[in-house]
Amino acid sequence: MRAAYVSSLQPDAPLSGLTVGELPFSVPDGWVPVAVRASSLNQHDIWSLRGVGLPADRLPMILGCDAAGVDPDGRAVLVYPVVQDKADPRGYSLFSERHPGTLAEQVAAPRENLLPIPDGVSFAEAACLPTAWLTAYHMLVTRGRAADAGAILVQGAGGGVATAAVAIGVALGKKVYATSREQWKRDRISELGAVAVEPGGRLPERVDVVIESVGEPTFEHSMKCAAPGARIVVCGATGGHLARVDLRRVFAMQLEILGSSMGTPGELGELLEMCASGRIRPVIDSRYPFAEAAKAFARLSSGELFGKVVLEH
Ligand SMILES: NC(=O)c1ccc[n+]([C@@H]2O[C@H](COP(=O)([O-])OP(=O)(O)OC[C@H]3O[C@@H](n4cnc5c(N)ncnc54)[C@H](OP(=O)(O)O)[C@@H]3O)[C@@H](O)[C@H]2O)c1
């Protein structure tokens, strides 16, 4: 079958290790095949091409964590991207880490990982949810306890996780501030209902939850914007992972710095319901036919995107 896969690890030029071509397809015992209709790209795919979290002995590895498609019973399904995995130190892995990923004509998945897609949600919209949107939801609702929050700050708001956090925060009725390095992205953030702020800019109030996926370039600002008792929730470090932390601020303000990874199937179901009811709409930057996967990757790594890049079959 046609697949987009890592053929060689390239730490400094990740896209040069991407191949779109034929690979065999097999279905492990107890798993089911899903005919992929739409998938979406994540920064995770770029890390994989760089060799972060993907050793050379697992190549060729099909990329992709996210897929929406059709199961053997003809149902429209969304694939929950987390697979229980005793071989992994975290106790789980994502598609494309140990098991072939979703950027292919078909993906094999445990049956319990398939969620029905409700009416009114397209394959392309559903395919945005499993990694970026689920992570944002778990960060805000579960780790960040947004229900108790007044205001929220989202750093680097052009990205997949960040646009999701903005949209979900607004849908939850919260005041959302969001930074981005680029004016056109700050304009788009405002259209989503957030107050756009320049990187490092002063906010009119302190916030109770900060959504951090950028890391080193924004972390000091995240700390300074935090209200007493605030939760700074970290899921990634696109801009560098060695952030400086002023511990005096942590204890004096009783701040919580919380790590966050992915989310639960129940949370993914809640996101699907929020989509179906029209409370949120995934922010899609661009859609490409699968044959143009390489162009889609170039778009993802350009830094010029706002929201999710979707591949369609
Ligand atoms: N732990 C988990 O479960 C989990 C799940 C999903 C993602 N992640 C991680 O979260 C991060 C974001 O993922 P994504 O898929 O949303 O990525 P993405 O769509 O590529 O977004 C990255 C965003 O980060 C900002 N950024 C990048 N470099 C920056 C820098 N040097 N200074 C300031 N801002 C910078 C940019 O925002 P502006 O251009 O708007 O400034 C950019 O839009 C990645 O590191 C990813 O690995 C973790």
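A polar contact is a pair of N or O atoms within 3.5 Å. With that cut-off in hand, the ligand site of this predicted model can be read from the ligand outwards.

Two consecutive glycines approach the ligand through their backbones. A polar backbone atom of glycine 158 is 2.9 Å from an oxygen atom of the ligand, which therefore falls within the 3.5 Å limit for a polar contact. At glycine 159, a backbone N or O atom lies 3.0 Å from a ligand oxygen atom. Serine 180 contributes through its side chain instead: an N or O atom there is 2.6 Å from an oxygen atom of the ligand. On its own, the ligand has 920 Å² of accessible area, of which the protein covers 87%.

The secondary-structure elements that supply two or more residues each to the surrounding shell are α1 (43-50), α3 (129-143) and α4 (160-171). In total, 24 residues surround the ligand, and the closest are Gln43, Gly160, Val161, Ser180 and Lys185. Sorted by class, this shell comprises 14 polar, eight nonpolar and two charged residues.

A further feature is found on the protein surface. There, Val245, Leu247, Phe251 and Ile257 form a nonpolar patch, whose members together have about 400 Å² of accessible area. Leucine 247, one of these residues, belongs to helix α7, which spans residues 247-252. Is leucine 247 buried or exposed? Leucine 247 has a relative accessible area of 58% and is therefore exposed, since the cut-off for that class is over 50%. The value also satisfies the requirement of over 30% that applies to members of a patch.

Conventions. Residues are numbered from 1 along each chain as its sequence is written. This is a predicted model: local features need pLDDT of at least 70, side-chain atom pairs count only at pLDDT 80 or more; totals for chains, interfaces and linings use all residues. Side-chain values use heavy atoms; hydrogens and water are left out. A residue is near a molecule or strand if one of its heavy atoms lies within 4 Å of it. A polar contact is a pair of N or O atoms within 3.5 Å; within protein, one must be able to donate a hydrogen and the other to accept it, and residues adjacent in sequence count only if both atoms are side-chain atoms. Accessible areas come from the Shrake-Rupley method with a 1.4 Å probe; for residues, only the protein chains shown count as cover. Helices (H or I, at least four residues) and strands (E, at least two) are DSSP runs, numbered from the N terminus. Ala, Val, Leu, Ile, Met, Phe, Trp, Tyr, Cys and Pro count as nonpolar, Asp, Glu, Lys and Arg as charged, and the others, Gly among them, as polar. Patches are made of residues with over 30% relative accessible area and no salt bridge: like charges are joined within 9 Å, nonpolar side chains (Val, Leu, Ile, Met, Phe, Trp, Tyr) within 5 Å. A salt bridge is a side-chain nitrogen of Lys or Arg within 4 Å of a carboxyl oxygen of Asp or Glu. Buried means under 20% relative accessible area, exposed over 50%, partly exposed in between (1.4 Å probe, protein chains only).
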